[in-house]
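Good morning, colleagues. Please keep the sequence and the structure in view while I speak.

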Amino acid sequence: MVLADLLKGKRRIALGGHVRPDGDCVGSAMGLYLYLKKQYPDIETDLYLEEVPQAFQMIHRTEEVKTELPEAAQYDLFICLDCGDIKRLGCFSTLFEQAGETACIDHHISNEAFADYNYIVPDASSTSELVFTLLEDEKISRECAEALYMGIAHDTGVFQYSCTSPKTMEIAAKLLRKGIDGNEIIDKTYYEKTYVQNQILGKALLESMLILDKRCIVSVVTMKDMEFFQAVPSDLEGIVSQLRQTKGCEVALFLHEISFHTFKVSLRSKGMVDVSKIAQYFGGGGHVRAAGCTLKGTSHDVINNVSSQILLQLNQEKVQDNEE
Ligand code: 5GP
Ligand code: MN
């Protein structure tokens, strides 16, 4: 994919990312947005995302993100970032469908290349890494570098997951040379937690259960919990990764009740189980070691259904693949 070719003749373009935007989604979208605003001032560029979580608002110009679907808007091009399928765009999928042309930049193994132009690299650490490769290094501003660095740091678990390649580190180094404060970005957007976030994390860990002969750990946060803590969904970020750290567990399964008997399911694996296959089986998607889906039923139903799929895989060979 060549950015200049993609933009040729376009007057109005929109960018969008997945629902419940995470660090890579916000980082890649903001990175591309800031680059386009500076390098292509004649193109009208809008960025659509659900509300940007508080911690990510340290990224420059996140206040310009449009969080609501406009009544009427027609774009010459819609670029979809970090989105494995069109449903993941949420309400903004209509803008995608109505756009003159569409493009997708993504690293999800489950992505079925649903746009006119697709730049999908499942081996890439993050969509932010892919966005970097589309830009001209010398034209990347410090603000754009901050956004992309945040995205890469988040999807690599701070340069730690197996998806972190030498290329990832080279790109991170190039971004650091823009004069950004990498430590501050990681500290403020990744490690720092509010009191409420720590409290819910504590509850989720305290109430977690070991299943499947202690090879899988499960925890549930209900609507009642969310109400009690006055929490928002982004407050749950990081719980499933913490569950995954549990010694002896191959898979972590985290359920967040988003409406009555409907659960957002997050799966993490250490490598023996391909959780993207499990998520896809239930209509979701993701990566080999980090995936998700939404399921209906009681928490017991959901845990039973998902764990039976985990069990099917547990005795299979170790999967050597990409992490989030
Ligand atoms: P999380 O558990 O953090 O919500 O998601 C883990 C990974 O799986 C992310 O890369 C995310 O984009 C993907 N994912 C989560 N839920 C869904 C889903 O319902 N559908 C698809 N296609 N991907 C999902
Ligand atoms: Mn990503």
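I shall describe the overall chain, then the strands, the metal site, the cysteines and the annotated domains.

Please bear in mind throughout that this is a predicted model.

Let me begin with the chain as a whole. The protein chain contains 12 helices and 11 strands. Its C-alpha atoms fill a box of roughly 60 × 40 × 40 Å along the principal axes. How does the radius of gyration compare with that of a compact globule? For 324 residues, a compact globule would have a value near 20 Å, and the protein chain has 19 Å, so the two agree. Of those 324 residues, 54% count as buried.

I turn now to the strands. Strand β1 spans residues 12-17, and 5 of its 6 residues are buried, so that we may call this strand mostly covered. With strand β2, residues 44-48, β1 pairs in the parallel sense over 5 bridges. Within this pairing, Ile 13 stands opposite Thr 45, and the bridge partner of Arg 12 is Glu 44. Between the two strands the chain passes through helix α2, and the resulting β-α-β crossover is right-handed. Strand β2 is likewise mostly covered, with 4 of its 5 residues buried.

Strand β1 has a further parallel neighbour in strand β3, residues 77-81, to which 5 bridges join it. Here Gly 16 of β1 has Cys 80 as its bridge partner. As a reminder for those examining side chains on screen, in a regular strand they alternate between the two faces of the sheet.

Next, the metal site. Which residues coordinate the manganese ion, ligand 2? The donors come from Asp 24 (OD), Asp 82 (OD), His 107 (NE2) and Asp 155 (OD), at 2.1 to 2.4 Å. Along the chain, these donors follow the spacing D-x57-D-x24-H-x47-D. Asp 24 belongs to helix α2, residues 23-39, while Asp 155 belongs to helix α5, residues 142-155; the pair therefore ties together parts that are 131 residues apart in sequence. Both Asp 24 and Asp 155 are buried.

Helix α2 thus appears twice in this account: it lies on the path from β1 to β2, and it holds the donor residue Asp 24.

The cysteines deserve a word for anyone who works with thiols. How many disulfides does a search of the whole structure find? The search finds 0. For Cys 25, the closest cysteine sulfur is that of Cys 83, and the distance of 6.8 Å is too far for a bond. Cys 25 is buried, with a relative accessible area of 0%. Cys 80, the partner of Gly 16, is also in no disulfide, and its nearest cysteine sulfur, again that of Cys 83, is 3.9 Å away. The cut-off for a disulfide is 2.5 Å between the sulfur atoms. Cys 80 is buried as well, with a relative accessible area of 0%.

Finally, the record. An unreviewed UniProt entry lists "domain: DDH" for residues 13-152. That span is 30% helix and 18% strand, and its end C-alpha atoms lie 24 Å apart. The unreviewed entry also carries the annotation "domain: DHHA1", covering residues 229-297. Over residues 229-297 the chain is 20% helix and 38% strand, with the end C-alpha atoms 24 Å apart.

Thank you for your attention.

Note on methods: Residues are numbered from 1 along each chain as its sequence is written. Chains are lettered from A and ligands numbered from 1 in the order in which they are written. This is a predicted model: local features need pLDDT of at least 70, side-chain atom pairs count only at pLDDT 80 or more; totals for chains, interfaces and linings use all residues. Side-chain values use heavy atoms; hydrogens and water are left out. Donors are N, O and S atoms within 2.8 Å of the metal (3.2 Å for Na, K and Ca); water is not among the atoms, so sites may look incomplete. Buried means under 20% relative accessible area, exposed over 50%, partly exposed in between (1.4 Å probe, protein chains only). Two strands pair if DSSP finds at least two bridges between them. A crossover is right-handed if, with the strands pointing away from the viewer, the path from the first strand over the helix to the second runs clockwise. UniProt positions are given in the numbering used here, feature names are shortened, and annotations may be inferred rather than shown by experiment. The radius of gyration is taken over C-alpha atoms; the globule rule is 2.2 Å times the number of residues to the power 0.38.
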